[in-house]
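User: I would like to learn how to read strand pairing, helix packing and cysteines in a model. Could you take me through an example?

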There are 2 protein chains.
Amino acid sequence: MPLKCSVYIATSLDGFIAREDGTLDWLDAAQATVTEGEDCGYAAFRKSVDVIVMGRNTYETVLGFAALTAESDSAEDTEKWFYKDTPMVVVTSKPDALCIPPCLSGCVSASSLPPSALHSKLEGEGYTHAYIDGGRTVQGFMRAGLVETLIITLIPIILGKGIPLLKDVPETGLTLVESKSYPFGFVQNTYTCKKKESA
Amino acid sequence: MPLKCSVYIATSLDGFIAREDGTLDWLDAAQATVTEGEDCGYAAFRKSVDVIVMGRNTYETVLGFAALTAESDSAEDTEKWFYKDTPMVVVTSKPDALCIPPCLSGCVSASSLPPSALHSKLEGEGYTHAYIDGGRTVQGFMRAGLVETLIITLIPIILGKGIPLLKDVPETGLTLVESKSYPFGFVQNTYTCKKKESA
């Protein structure tokens, strides 16, 4: 069964996923305006996913959110992990240097494989739907033509500067599958990427 | 009466208004998919506008579309002009060098004034709603905090490279006023820019 790769991400109106230093205060402020109980389809998306591929920077950020360190080893520590027991591959050029707390060793692994090789490996292991996260990792998968679905939530802010979601991605035709706007000003667009004829 | 400034523009999903060389083939291709009779609110927007402020590059591009030159002087030439008799100010650092065909001399003028001074001038002349167009001109008006409404139509394509709509614009909070998606995959979002407290 082929492995489908999807991106679910929030960007500013000018296409940034974080400030230049990686901070997300603007996104936190926006999240605080979200109607209680509304998750913009995230839970349903997460449920459809059986593996997460995340860039090292993003991984280290979420590790920090959970206050997990190389020593975290208890069941309580495991509870803090947002992604629960979903298998996660962290993409890094130095897999041996990656901090994987003992409490996450059952689900998190590191890989320095390029996107196409990693895709083949995960497909071979029987995964069917990968959640691709992190700016450079998304760009790598986009460049390799491996992203099938893009779910982008536009936050009503212009940042002016930041880390772009899409940069030096080859020209890609898209098909709009769904567009949804929320009373708190988010607009979530779901696109499928058109495969190149030659691919 | 205060002069309101609005932007009505189409961008790729990665925020470009044109390819790096200014070409719009991708936009023309997208326009060709638009349902007959649908104008995505453009006519109503144009009707609400009593002056157009356009960057030199954009002006020269539309002059080329109309095949107008420094010699164009007939009523037929005037007919070719897309913007009819709506007054237009072309922003350029060299107003004397701007090509304004005789057939457009009644409506088109050139100005090297910076955004705030041009805004004051037009307001003083009694204009109430300006349509700001062209990448650098939009950015200049955004930087000066002069844009009140942003109507951005997202075209379902990633270009990877191009001329950005928003670049080095200071952080700006937005309020989503309306979001509309079209069966041909365009998503048009209308935002108002939040005024800075200190402005």
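Analyst: Let us go through the sheet, the helices on it and then the cysteines, bearing in mind that this is a predicted model.

User: Happy to start with the sheet. In what order do the 9 strands of the open sheet run?

Analyst: A useful general idea first: side chains in a regular strand alternate between the two faces of the sheet. Here the order is S8(A)-S10(B)-S11(B)-S7(B)-S1(B)-S6(B)-S3(B)-S4(B)-S5(B), with mixed pairing. Strand S8 (157–158) of chain A and strand S5 (108–111) of chain B stand at the edges with a single partner strand each, so one side of each has no neighbour in the sheet.

User: How many bridges join S8(A) to strand S10 of chain B?

Analyst: There are 2 bridges, and the two strands run antiparallel. Ile157(A) is placed opposite Gly173(B) in S10(B).

User: And which strand of chain B is joined to strand S10 of chain A?

Analyst: That is strand S8 (residues 157–158) of chain B, antiparallel to S10(A) and joined to it by 2 bridges. Gly173(A) has Ile157(B) as its bridge partner. Within chain A, S10(A) also pairs with strand S11 (residues 187–193), antiparallel over 7 bridges, and one residue pair to look for is Glu178(A) with Thr190(A). These two strands form a hairpin with 5 residues between them, where Gly185(A) in the turn has a positive phi of about 95 degrees.

User: Now the helices. Which strands does helix H6 of chain B lie across?

Analyst: H6(B) lies across S8 of chain A, along with S1, S3, S4, S6, S7, S10 and S11 of chain B, and runs at about 125 degrees to S6(B).

User: Why is H6(B) described as largely enclosed by the rest of the structure?

Analyst: The reading is based on burial, meaning under 20% relative accessible area. In H6(B), residues 135–143, 7 of the 9 residues are buried, so the helix is largely enclosed. Among them are Val138(B), Phe141(B) and Met142(B). Just after the helix, Gly145(B) has a positive phi of about 70 degrees.

User: Last, the cysteines. How many disulfides are found over all chains?

Analyst: In general, a disulfide is a covalent bond between the sulfur atoms of two cysteines. The search of the whole structure finds 0. Take Cys99(A): its sulfur is 9.2 Å from the closest cysteine sulfur, in Cys103(A), which is too far for a bond.

User: Are Cys99(A) and Cys40(A) buried or exposed?

Analyst: Cys99(A) is partly exposed, at 26% relative accessible area, whereas Cys40(A) is buried, at 7%.

Key: Residues numbered from 1 in each chain as written. Chains lettered and ligands numbered in written order. Predicted model: local features only at pLDDT ≥ 70, side-chain atom pairs only at ≥ 80, totals over all residues. Heavy atoms only, no water. Buried < 20%, exposed > 50% of the residue type's maximum accessible area, 1.4 Å probe, protein only. Helix = DSSP H or I, 4+ residues; strand = E, 2+ residues; numbered from the N terminus. Pairing = 2+ DSSP bridges. Disulfide = S-S within 2.5 Å. Contact = heavy atoms within 4.5 Å. Axes fitted to C-alpha atoms, helices over the stretch in contact; angles between N-to-C directions.
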